[in-house]
Amino acid sequence: MTSAREARAFDDDDDPRRRRAAALAIALEDARDPIARRDFLARMGAALALAGLGACTRAPRQEIVPYVVQPPEVTPGVPRHYATASTLDGYAIGLVVESHEGRPTKIEGNPEHPASLGAAGAFEQASVLSLYDPGRARAVTERGSVVAWSRVEEALTRGAWTSTEGKGLHLLLQPTSSPTLAALLDEIRERLPRAAISFYSPTAPENAWEGARFAFGRVLEPRFALERADVVVSLEADFLTTGPARLRLARSFADRRAALDAMIRLYVVEAICSVTGAMADHRLRVRSGEILAVAAELASAVGLPGLPGGVPPTLRAAAAPHRAWIAATARDLAAHRGRSAVIVGNSQPPEVHALAHAINAALGNLGTTVTLAPSPVVDAGGPAHDTARLAGELADGQVDTLVVCGTNVAYASPADQSLGELLARARQSAYLGLHADETAAKCTFVIPEAHALESWGDTRAFDGTASIVQPLIDPLFGGRTELELLSLFTTRRDARAYDRVRARVHADLTRGGAGADLEQRWRRALKRGIVDDTTIAPVDARVDWAALAKRLARTTPTPPPALELVIRPDPRVHDGRFAANAWLLELPHPITKLTWANAATVSVQAAAQHGLETGDEIELRASGATITAAVIVVPGQADGSIGLTLGWGRTRGAELAHGRGANAFALAAGVAVAPLSVDIRKTGARHDLAITQRQRDLAGRDEDILRHATLEEHRRSRPPPRDEGRRHLTLYTKEPREDVHQWGMAIDLTRCTGCGACVIACQAENNVPTVGPDAVYLGREMHWLRVDTYLVGDPEDPEIAPQPMLCQHCETAPCEYVCPVNATVHSADGLNEMVYNRCVGTRFCSNNCPYKVRRFNWFDFHRGEDATRELAHNPDVTVRQRGVMEKCTFCVQRLREHGIRERQGRAAAPPRTACQQTCPSAAIVFGDLRDASSDVARLRSDERAYAVLGELGTEPRVRYLARLKNPNPELG
Amino acid sequence: MHGAADLRVNLFPAYANQIYWLAIGSAAAAIVGAPAALIAWARTPYATGQGEPPEQPVKFDHRHHVRDEGIGCEYCHGGATRSARAGVPATSVCVGCHAQIWTTSPELGRVRESYFTNAPIRWRRVNALPDFVFFDHSAHVNKGVGCVTCHGRVDLMGQVYQARPLTMRWCLECHREPEGHLRPLDEVTNMEWTPDRPQDVLGRELRASLGVRSIVDCSGCHR
């Protein structure tokens, strides 16, 4: 170390005096260093010699702290499950939360809830970590100083607006579908008719609402019944991972994907590779700004007989290069009238949404695969969802009291609106938020918000189904809910959220006729997680062709910029609201596999043109602002598009994410705005990107690793090569035992979308630590379950094929033979067991594992964890320490629990692994292989089933089913 | 040449060899002996905590409650039949009786304080297993393993102490051959039960009738 520095110092300077001075400085520095190298070695030797003595201390006595009065429903050691719901952009996902003695630890989907169907996505799975985030706002503050709640109460309810019917009072909320909140807002409007209420989320579906207004004359939301669809066209809609029905659509799409006799076909038109795009049979990569032309051309090719004058040719001129592709797609759609659907992404302008409605109407899809219904979101499509009025009033100094609830508007709004700057113009402002974030810094009062798992409330799903949000735990940091804060502006200031929700739901329940069993029905609604008879019935909507024609005639297509910037919500942090969540920060992006940051994505051709490669830093200039971002080259992206996701580059309230990634909001960009013209310039700097998978091609080993084929190829090659035919000679005889369960798993790659929900579910269930970007960069991430995503075929426009990879529980496991201390062994029921207390960390097993699924604890990742954070741990799983190998256990804690119950004659349903339970597309199936009628046994004997690297003779208990696609023969 | 003659002087006395061999010998003994000593030490009752009652916040006497009053194990530790944890009773369970009797006993001051201030009593754990061991009470008591088998004669303990070593070797003795430690289900909480037939005969019968498995998979206890 010293010599290297010396050499550098001496080399750098010609003047001998200065050289000597530099050498002296280094010597002094070494002298000041309290631990010199020799000392260090001596101490290390002594420490080593004394380390053994550590075993001579006795573990300290633990305490047992029983209840004072034990709730009758609680048995310590037996978890309980409660139904609740989480809300994103106003739409609910029903959840079932596992609670250990009042401590929520694990989120699952609610099988009865229409938006969940038992699945939960990465956001929902990770929400339990957000609950225990020690970085949450903990105290009510006024300009940074802690104050009493009464001070806020007093200040907020006073102001000029009290005498002017509310003029000067402005409430800014997140889009909401809560019936109780809606009723509360009505109360406020009645009492203070001139108070302004607005809703803001950068990812609200405003274009979709506006598009419906173009087509139908009113705001309606399309619902898709993919289970009845044969052909689906997505115009930049990532419907499998975004949107209010994402989990439901993923399930119905996968069900029709795996039905080989009636396999759904998917066309996707998009600029930036998405999860949905990766599932497409035909993916047309065009710039985002050209999709209007594609939609118009498609409409014209399908034929809109109702539209006076047809689709204006000017609109579709830009789609000329893709005419053949569009014509083939249109013919396929036309051949499936009433059994097809066109879905449009939120990022597309309202005209595209309107055209899609028109196409669906012309194809007779309305009422079959596509139904239309009013939005469950309060004031959907109304002026309250436009923040321009708020910005104007703030700028004019007309806002006396501003209350911001839950939306981090100072960060998550386009820079050109400068809402963040304007917040300070209000005489006083209050921010109710989970974190003291960018918005908190601009507001007078900061009020800690109660997490959804700490709150009473209600919310509605995409189809209107209402769910009660019930708390699993008292607010950890004394947080308050939106309902409680906004009650200040009603006449019932002290009404508890519980009383409001209860009254509201009681009203719902009695609508169909009052009953004496009201209490019972309330309890039933709480228990099931959904309130009966609250769905919003679809309406019989007709396209207003004349108005649409007028609208389209008025639309002049703007020529797309040479290089466009396309902004997407981030699959991990969304719009930045999850940026304090380490699980989500470390979740690899489904396409780029990047963790802990976002990056500007460019196509192979664009990268070559600008001399860029992955890791280069570029400067992005758009609408007068400049940011820098790292580059990732993504094959398959449109050549004229730069992709960037929202939510990164946070500066306050999300310590883990501060300074990571680039802030797209700084470019005055949002999801719902037209793509910006952008200039890029290479800065010459490099970024060490924490990418989890750098080998993206299969190196010609498709048959061994990820089998993929078209449906036609699969039918022709029936039966495909089977592993059983080439069983290898082995010295080891392992006869599966018949007297116990034989656990196995099957993963259907035709269903898997690669969304990553399983990764977070596994992390939550198994106390898997996060390691941070530097460790990920070194390849030391700890995920027991990862999703490998391979790029197959054309290097510039490949097929993107995800493959969940976890411990394969080989029957002849290579890891077991090399462990010198028998820390990894086989169980009677076929698990490859990992015994942490035996492991001495030689890592031989990991070296010998052909699947590279074993993870080593290089550090004590859990040591020093905040006591609050520790509450998130699953008490049924060991928290591993440094020097220990770990890997997927098939959720052995669930299996053993099931076994114990089963042998006592009180077993419930068959056990499921965490990844299986949460998988939105039901791609993961787990079960007992002895039972020939079980799903897993059936799938294992499917002709698509194969073992990854089967030629090694490891006889894995995990089998994959080949990924099949259903391309249109006409497009080849 | 002059200096070379000086160097021929014998630097080490004759006994230096003995010191040398002694040093080598003790180093070798230490290498073998030190781990052996540690291993042996870990098995001593001192290290396992066996037989040593911790001071509890309330001087609860099992002799009195179990023998004199005839209160069964499950009255207070009912979780044992349906949960991994047998559980320690809530303060309200104590107060259930002690609201009627011994209402002013100074020994029960902490119990009353807990009940009226809603502050739980912090008991000290007697039978502790490492955090990587997942023991399930219900799996044992529903399969004919008596309380006394692992906890000893709690009914004779003034202050509860750990009666067995609770080492893995001790667990495995039974897990490998459960027959030697099984009893009829209705005798599980009986502290004084003795088999009316030879234990190996009865054990085999019970093992068959209760469906007791010999669980020696690592993940049976380590997860």
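**Notebook: chain B, its partner chain A, and the cores**

I began with the overall form of chain B: its radius of gyration is 28 Å, whereas a compact globule of 223 residues would have one near 17 Å. The radius is taken over C-alpha atoms, and the globule rule is 2.2 Å times the number of residues to the power 0.38. I note that this is a predicted model, in which local features need pLDDT of at least 70, side-chain atom pairs count only at pLDDT 80 or more, and totals for chains, interfaces and linings use all residues. Residues are numbered from 1 along each chain as its sequence is written, and chains are lettered from A and ligands numbered from 1 in the order in which they are written.

**Chain B**

I took the box along the principal axes; the C-alpha atoms of chain B fill roughly 105 × 50 × 30 Å. I then looked up burial and found that 22% of the 223 residues in chain B are buried (20 or more other C-beta atoms within 10 Å of the residue's own, with C-beta atoms placed from the backbone).

I listed 11 helices and 1 strand in chain B; these are DSSP runs, helices being H or I of at least four residues and strands E of at least two, numbered from the N terminus. Along the sequence I read the pattern α-α-α-α-α-α-α-β-α-α-α-α.

I found chain B divided into domain 1 (11-42), domain 2 (55-87 + 127-220) and domain 3 (89-122), with bounds from an automatic or database domain assignment. The centres of domain 2 and domain 3 of chain B, taken over C-alpha atoms, are 27 Å apart. I saw 4 residues of domain 2 of chain B in contact with 7 residues of domain 3 of chain B, where contact requires C-beta atoms, placed from the backbone, within 7 Å.

**Where the chains meet**

I next looked up the interface: 37 residues of chain A are in contact with 41 residues of chain B. On the chain A side, strand E1 (63-64) and helix H29 (892-903) are the elements that give two or more residues. H29(A) gives the most, with 5 residues.

I also traced a strand pairing across the chains: E1(A) and strand E1 (residues 123-124) of chain B run antiparallel and are joined by 2 bridges. Pairing requires at least two bridges found by DSSP. Within it, I found A:Glu63 to have B:Arg124 as its bridge partner in E1(B).

**Cores**

I looked up the largest nonpolar core and found 286 residues, with A:Leu235, A:Ala295, A:Ala358 and A:Leu620 having the most contacts inside it. Such a core is a set of buried Ala, Val, Leu, Ile, Met, Phe, Trp, Tyr and Cys residues joined through C-beta atoms within 7 Å. Helix H10 (residues 291-302) of chain A gives the most to this largest core, with 10 residues. I followed A:Ala295 further: leaving out residues up to four places away in sequence, A:Ala295 touches A:Leu235, A:Val352, A:Leu355 and A:Ala356. A second, separate core has 10 residues, including B:Cys73, B:Val145, B:Leu182 and B:Leu206.

**A sheet in chain A**

I closed with an open sheet of 4 strands in chain A, in the order E35-E28-E37-E36 and with mixed pairing. Its edge strands are E35 (924-928) and E36 (945-946) of chain A, each pairing on one side only. I found E36(A) and strand E37 (residues 958-961) of chain A antiparallel over 2 bridges, with A:Tyr946 opposite A:Tyr960 in E37(A).

How values were computed: Contact = placed C-beta atoms within 7 Å. Buried ≥ 20, exposed ≤ 12 C-beta atoms within 10 Å, placed from the backbone.
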